[in-house]
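Here are my notes on the model you sent over. I've kept them as numbered points so you can follow along with the structure open.

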Amino acid sequence: MNLGLGNLTELKGQLLAASLRSDTNYDAVITGIGLGMANLFDQFCNRTFCRTVGKVDTFSADRRHWYLNAFPVESIAGLAKKDSESDGYVALPLPPAGSSLIQQMQSDTGYIMFIALQGYFFSRLQITYTGGYWFDTTEDGSGVMPAGATALPAAVKTAWYLQCQEVWKRIDRLGAQIAQDPEKQAALEGMELLPLVKELLRPFKRMQIT
């Protein structure tokens, strides 16, 4: 199961005692924590970490460049432009075709430069591609990284574990606090990323303005 930056089995291994890891009672809660923290990391770092096939970025055509949201980029499958609702998106040539709009690309950062401004602000460009970091989503460890993919860096995985552990410690897993002090029930309100987590994520944070 894909929990955003890992699978359910490995996250249970980080949060539960060995005697409880075969218990499924907490699976829904742990799944929510994993997905929630992965989404928080994406927001904090201004990017999509998880490898996505067929990801689509859509943006205004009045620009010379664009930073794809999920990177490193493995491949670009499609490029299209829309100038009006009646015409819709029209497919355009991809590199290495000499007529392609893409002049240059840096796969490691997701940077794409076009040969010129491609339209007015109301025109739209759409790029379909595969990008982001790979991690094993199988529960038995049988996943095989596709050729050309990049493994999720250990620092990001460690940060995910640490932040999930922090949330796990704060939540009321048994419902024992339902009738207790509201301050205890609101343990997650206002919680921020741990300082160590922020430091681990700092090298992966995208600062470019697209």
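1. A definition before the sheet: two strands count as paired if DSSP finds at least two bridges between them. With that in hand, you'll find an open sheet of four strands in the order E1-E7-E3-E4, with antiparallel pairing. Strand E1 (52-60) and strand E4 (89-91) are the edge strands, each pairing on one side only. Ignoring direction, neighbouring strands of this sheet are turned by 30° against each other on average. Do keep in mind throughout that this is a predicted model.

2. Stepping back to the whole chain: the secondary structure comes to five helices and nine strands. Reading from the N terminus, the elements go α-α-β-β-β-β-β-β-β-β-β-α-α-α. Of the 210 residues in the chain, 40% are buried. Take the contacts between residues at least 6 apart in sequence, and 71% of them join residues at least 24 apart.

3. Back in the sheet, have a look at E3 and E7. Strand E3 (residues 73-82) pairs with strand E7 (residues 124-131) in the antiparallel sense, over eight bridges. If you want a landmark for the register, Gly78 stands opposite Thr128 in E7.

4. There's also a hairpin worth a glance. Strand E5 (residues 102-106) and strand E6 (residues 111-114) are paired antiparallel over four bridges, and Gln104 sits opposite Met113 in E6. Four residues lie between the strands of this hairpin, and Gly110 takes a positive phi near 80° there.

5. Now for helix H2, which spans residues 27-45. Its 19 residues reach 27 Å from the first C-alpha to the last, close to the 27 Å expected at 1.5 Å a residue. Right after H2 comes Asn46, whose phi is positive, near 60°.

6. Which residues of H2 are buried? They are Asp27, Ile30, Thr31, Ile33, Gly34, Met37, Ala38, Phe41 and Cys45. Looking down the axis of H2, these buried residues fall within an arc of 165°, so they line one face of the helix. The spacing fits a general rule: an α-helix has 3.6 residues a turn, so residues three or four places apart point the same way. On the face of H2 turned away from the buried side you'll find the exposed residues Ala28 and Gln43.

7. What do the buried residues of H2 pack against? Three helices: H1 (8-15), H3 (154-170) and H5 (195-201). For the H1 contact, Leu8, Leu11, Lys12 and Leu15 in H1 meet Asp27, Ile30, Thr31 and Gly34 in H2. The axes of H1 and H2 come within 10 Å and cross at roughly 100°. Angles of 65 to 115 degrees count as roughly perpendicular, and H1 and H2 are therefore roughly perpendicular to each other.

8. Last, one residue to click on: Ile33, which lies in helix H2. Buried or exposed? Ile33 counts as buried because its relative accessibility is 7%, and the cut-off for buried is under 20%. Leaving out residues up to four places away in sequence, Ile33 touches Cys164, Val167, Trp168 and Ile171. The C-alpha atoms of Ile33 and Gln165 are separated by 9.2 Å, although these two residues are 132 residues apart along the chain.

Definitions and conventions:
Residues are numbered from 1 along each chain as its sequence is written. This is a predicted model: local features need pLDDT of at least 70, side-chain atom pairs count only at pLDDT 80 or more; totals for chains, interfaces and linings use all residues. Side-chain values use heavy atoms; hydrogens and water are left out. Helices (H or I, at least four residues) and strands (E, at least two) are DSSP runs, numbered from the N terminus. The expected span of a helix is 1.5 Å times one less than its number of residues. Buried means under 20% relative accessible area, exposed over 50%, partly exposed in between (1.4 Å probe, protein chains only). The arc is that of the directions from the helix axis to the C-beta atoms. Contact means heavy atoms within 4.5 Å. Axes are lines fitted to C-alpha atoms, for helices over the stretch in contact, and angles run from 0 to 180 degrees between N-to-C directions. Angles under 35 degrees count as roughly parallel, over 145 as roughly antiparallel, 65 to 115 as roughly perpendicular and the rest as oblique.
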